[in-house]
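Got your viewer open? Let's take a walk through this one, stop by stop.

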Amino acid sequence: MIDLKQIQKDVYKNKIDKGFNVTDVPIEFCLTYGELAEAYEAYRKKQDDVGEELADVVIYILGLCSILDIDLEEELLRKVEKTNIGNIR
């Protein structure tokens, strides 16, 4: 099992260390959307990097969650329970 909390911290630290945006939330939403569009294009064109593009989307979402002070792991667990997807706790 992965430690999503730690990955989220690592993603945010990487953004800080490399001087990426950590304050402009609208830009982060747009960049995340752009990464999702790239993933869709890779899928549509039957390219073999769809997984990598989706990983980029998740990285942007984790960074955005850090900026917004959202614990994505906790939100995911709560949503899974709420929608009865399964018991992952």
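How much of the contacts in the chain with a separation of 6 or more comes from residues 24 or more positions apart? The share is 54%, where contact means heavy atoms within 4.5 Å.

Before we set off, some ground rules. This is a predicted model, in which local features need pLDDT of at least 70 and side-chain atom pairs count only at pLDDT 80 or more, while totals for chains, interfaces and linings use all residues. Residues are numbered from 1 along each chain as its sequence is written, and side-chain values use heavy atoms, with hydrogens and water left out.

**Stop 1: the whole chain**

Switch to a cartoon view. You should find four helices and zero strands, running α-α-α-α from the N terminus on. Helices here are DSSP runs (H or I, at least four residues), strands are runs of E with at least two, and both are numbered from the N terminus. The C-alpha atoms fill a box of roughly 35 × 35 × 25 Å along the principal axes.

Now turn on the surface. The accessible surface comes to about 6600 Å², and carbon and sulfur atoms own 59% of that; the area is from the Shrake-Rupley method with a 1.4 Å probe, and for residues only the protein chains shown count as cover. Of the 89 residues, 24% count as buried. Buried means under 20% relative accessible area, exposed means over 50%, and partly exposed is in between (1.4 Å probe, protein chains only).

**Stop 2: I67**

Select I67, in helix α3 (residues 50-67). I67 counts as buried because its relative accessible area is 18%. Leaving aside residues up to four places away in sequence, I67 touches Y12, K15, N21, V22, V25 and E28. Pick E28 from that list: E28 and I67 are 39 residues apart in sequence, yet 9.2 Å apart in space, C-alpha to C-alpha.

**Stop 3: K15**

Next, hop over to K15, in helix α1 (residues 4-17). Is K15 buried or exposed? K15 has 8% relative accessibility, so it counts as buried. Beyond residues up to four places away in sequence, K15 touches F20, N21, V22, E28, G63 and I67.

**Stop 4: a pocket**

Keep K15 selected and add V11, N14, F20, N21, E28, L31, I59 and Y60: together they line the second largest pocket. About 170 Å³ of space lies in this pocket, the volume being the space filled by probe spheres set on grid points joined across faces, edges and corners. A pocket is an open set of points on a 1 Å grid over the protein atoms alone, where a 1.4 Å probe fits and protein lies on both sides within 12 Å along at least five of seven lines; lining residues have an atom within 4 Å of a point.

Which helix gives the most to this lining? That's α1, with three residues. Helices α1, α2 (25-44) and α3 each supply at least two.

**Stop 5: two loop residues**

Most residues other than glycine have a negative phi. Select K46, in the loop between α2 and α3, for a positive one: its phi is near 55°. With a relative accessible area of 75%, K46 is exposed.

Then move on to D69, in the loop between α3 and α4 (72-82). Phi of D69 is positive as well, near 60°. D69 counts as exposed, at 71% relative accessibility.
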